[in-house]
Amino acid sequence: MTYKNKGKIFIICGLLLAVDPLLAQERIVSMSEASATGTRIFERECAPCHAPGGTATRMLEKRRGADNGALTDRQDLAPEYIRTVVRNGLNTMVPMSRIEVTDGDLEALVDLLTD
Amino acid sequence: MKLTLPPRLSESQFKSALNEFSQIVGAQWVLNSDEDRDGYLDYFSLDSGESHAPSATIAPVNVSQIQEILKVANAYKLPLWPVSRGKNFGYGAAAPVMPGTVVLDLSRMNQVLDVDEKNGYCLLEPGVGFFDLYHYLQANNIKLWMSVPGNSLGSVAGNALERGAGPQLYGVHTAQICGLEVVLPDGQLVRTGTGAMSNSKTWNLSPYGYGPHWDQMFCQSNYGVVTKMGFWLMPEPEATLSLDISLPDEEDLGWAVDRLHPLRLRKVIEQNVGIRNYIAIASAMSQRDQWYQGEGVLPDDVAAGMRRELDIGWWTFNITLYGYEEVIRANARLIEQALTPKISSEPQWRLWQRGDPIERSGAGIPHTRSMHRLNWWGGRGAHLGFSPTLPPDGEKVQAQYQRARSRFEQYGIDYYGSFALSHRSITNVNQILFNRDDKQMTDNIDLLFRDLVADASELGYSEYRTHLSYMNLVAETFDYNDNVLWRLNEKLKDTLDPNGILAPGKQGIWPAAYRDERQ
């Protein structure tokens, strides 16, 4: 994931540098922060069930095959799907309000899980 | 979920009140959309949540914001439903009893204010979750152990104030409360117990204080908003010894209770022993359709096959002893003496000593493994509990099991029962697992629940805690002297909260203005 992050930053850097070098610098800082925030939020809000061996991971393994239950390894999560599940719940996963997971927090999670 | 207005407010008054709330906490922390309301519904309800739909949510971050919010609520006579983290699953989650109530979400107040390792206590805000406290203790290398409930997503304070419980040594959570700070409905800030002395050195050390003891008055009630809770934690023991016993036969429950009870009473075993049936165990590790795809209750031969394959008994219980190694070894021998005449194999105790991996200790480590049970029927799984308390007598317990099981099966639901043995009583947790999308099932469960309540109260066994939809029903069962206790609770309510702004209907306690809502 780190490698992918670096790749993404590089690409954005490349695009932004074409526009404004200063903007590119700010963007790198906020991407790192977003990644750290996303991880922090995942640990607090998601890991209780979605950590390796957790209840949700086990249920997802049943649907997707052994060793395929971890959210953080998924390549197929679309941003809108993540937002929908977090805000509406899914089966026995309860929804999370905008107090518990703010819109900003949710976007950081989306970034983390779609990288 | 569409907006249901609070009963006594017009739409413009409601909007005006929300504006005032936004001035206090900031607009970001006042939620008022259809999607936001969905986030505060009872996610495990028998219906779609409309019978307990909130109107909005407001999330303060400190005591003075709460005081200002209550001022506004009093002015508008707007009802509030305080929640700590809102994870009261199976009891209504974050939803209010009365539709249209505004949720007062305290989860932003999530500071661990103090931890005293030497004396074994912490001081917490309501938003501190079990995971939060655990991480705090680990990060600061504090050698105090927690007790955690089966679903540890909730708030430590919220759970204790609701009289939740865990299987570890300090598992009667409400008994570990020592000193509260509470905002009364009129905005006054109170500290209970010895904290009523302004320079008290013992607020979270010495529980009773002087005069009436108020800690329990703010448990399962609507008399105030708790903003700080003193809470006792267990010093890390030198060692633990842990034993799992499987009992092969449904008839084994009675003798197990009779042999364990004297040990529990004499503190050879110091925490409640949970004796669980095989559905409780099987649902934590599998789903029903792995064993049976037919309708109705799991047939006996299928259940027997499942038990064989999972290598579990009809009933299962764990005993974990915590303390000095020579003491717990002595207690372990006493337990063996009591049990070995009736069990087929030699008890295999697992020893943990300081320095061994904590996961093997029996310490309270927050988890959500219990949530797997909700997947038993598949789909949008949910649960509803009925948990009467009865005397710790084997014959009575065996009869209670039979009676409850017949009821479950009458309504086509797999019987899930567990019995938590305390020193002078035993609580029979009946966990009704269901699929929210099966209308026949959800209709049956309402009937099942009502029958379980009626059966229990006929025998003098009372419920210890209940779901929003049944708070009046359960309150009715406390019928001594024409429900005089209920009237006492409401008399106090009217004095403390004349405008009826805090949690109308909680535990059946209705402010004067809403007393008709009881029906």
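This is a conversation between a reader and the author about how certain labels were reached for a predicted model with chains A and B.

Reader: Why is B:Asp455 called buried?

Author: B:Asp455 has a relative accessible area of 13%, and buried means under 20%, so the label follows. The residue is found in helix H11 (residues 439-458) of chain B. Leaving aside residues up to four places away in sequence, B:Asp455 touches B:Arg403 and B:Arg407.

Reader: What makes the pair B:Asp455 and B:Arg407 a polar contact?

Author: The side chains of B:Asp455 and B:Arg407 are joined at 2.7 Å, and the cut-off for a pair of N or O atoms is within 3.5 Å, so the distance meets the rule.

Reader: How do you know whether B:Tyr210 is buried or exposed?

Author: The relative accessible area of B:Tyr210 is 82%, and exposed means over 50%, so B:Tyr210 is exposed. It is found in the loop between strand S9 (189-191) and strand S10 (225-232) of chain B. B:Tyr210 and B:Tyr480 are 270 residues apart in sequence, and their C-alpha atoms are 29 Å apart in space.

Reader: What makes B:Asp132 and A:Arg44 a salt bridge?

Author: Their side chains meet at 2.7 Å, N to O, and the rule asks for a side-chain nitrogen of Lys or Arg within 4 Å of a carboxyl oxygen of Asp or Glu, so the pair qualifies. Across the interface of chain B and chain A the rule finds four salt bridges, while the structure holds 32 over all chains. Helix H2 (34-38), helix H4 (130-139) and helix H7 (278-285) of chain B each supply at least two residues of the side of chain B that touches chain A. H2(B) gives the most, with three residues.

Reader: How many residues does each chain bring to the contact, and how much area is buried between them?

Author: Chain B brings 37 residues and chain A brings 21. Together they bury about 2400 Å², of which 52% is on carbon and sulfur atoms. Between the two chains there are twelve residue pairs in polar contact, both residues being at pLDDT 80 or more.

Reader: What makes A:Asp103 and A:Arg87 a salt bridge, and why is the pair said to tie parts together?

Author: The N to O distance between their side chains is 3.2 Å, and the cut-off is within 4 Å, so the rule is met. A:Asp103 lies in helix H5 (residues 103-114) of chain A and A:Arg87 in helix H4 (residues 79-88) of chain A, so the pair ties together parts that are 16 residues apart in sequence. A:Arg87, at 7% relative accessibility, counts as buried, whereas A:Asp103, at 40%, counts as partly exposed. Salt bridges that share partners join A:Arg87, A:Arg98, A:Asp103 and B:Asp36 into one network.

Reader: Where do B:Glu409 and B:Arg405 lie, and why is B:Glu409 called partly exposed?

Author: Both residues lie in helix H10 (residues 394-410) of chain B, four residues apart, which is about one turn of the helix. Their side chains meet in a salt bridge of 3.0 Å, N to O. The relative accessibility of B:Glu409 is 32%, and buried means under 20% and exposed over 50%, so B:Glu409 falls in between and counts as partly exposed. B:Arg405, with a relative accessible area of 11%, is buried.

Reader: What makes strand S13 (residues 273-277) of chain B a partner of strand S18 (residues 417-421) of chain B?

Author: Four bridges join S13(B) to S18(B), and pairing asks for at least two bridges between strands, so the two count as paired. They run antiparallel, and B:Gly274 stands opposite B:Ala420 in S18(B). S13(B) also pairs with strand S14 (residues 315-323) of chain B in the antiparallel sense over three bridges, with B:Arg276 opposite B:Thr316 in S14(B).

Reader: Which residues of S13(B) form the covered face, and which the uncovered one?

Author: The covered face has B:Val273, B:Ile275 and B:Asn277, and the uncovered face has B:Gly274 and B:Arg276. In a regular strand, side chains alternate between the two faces of the sheet.

How values were computed
Residues numbered from 1 in each chain as written. Chains lettered and ligands numbered in written order. Predicted model: local features only at pLDDT ≥ 70, side-chain atom pairs only at ≥ 80, totals over all residues. Heavy atoms only, no water. Contact = heavy atoms within 4.5 Å. Buried area = accessible area lost by both parts, 1.4 Å probe. Polar contact = N/O pair within 3.5 Å; in protein donor to acceptor, adjacent residues only side chain to side chain. Buried < 20%, exposed > 50% of the residue type's maximum accessible area, 1.4 Å probe, protein only.
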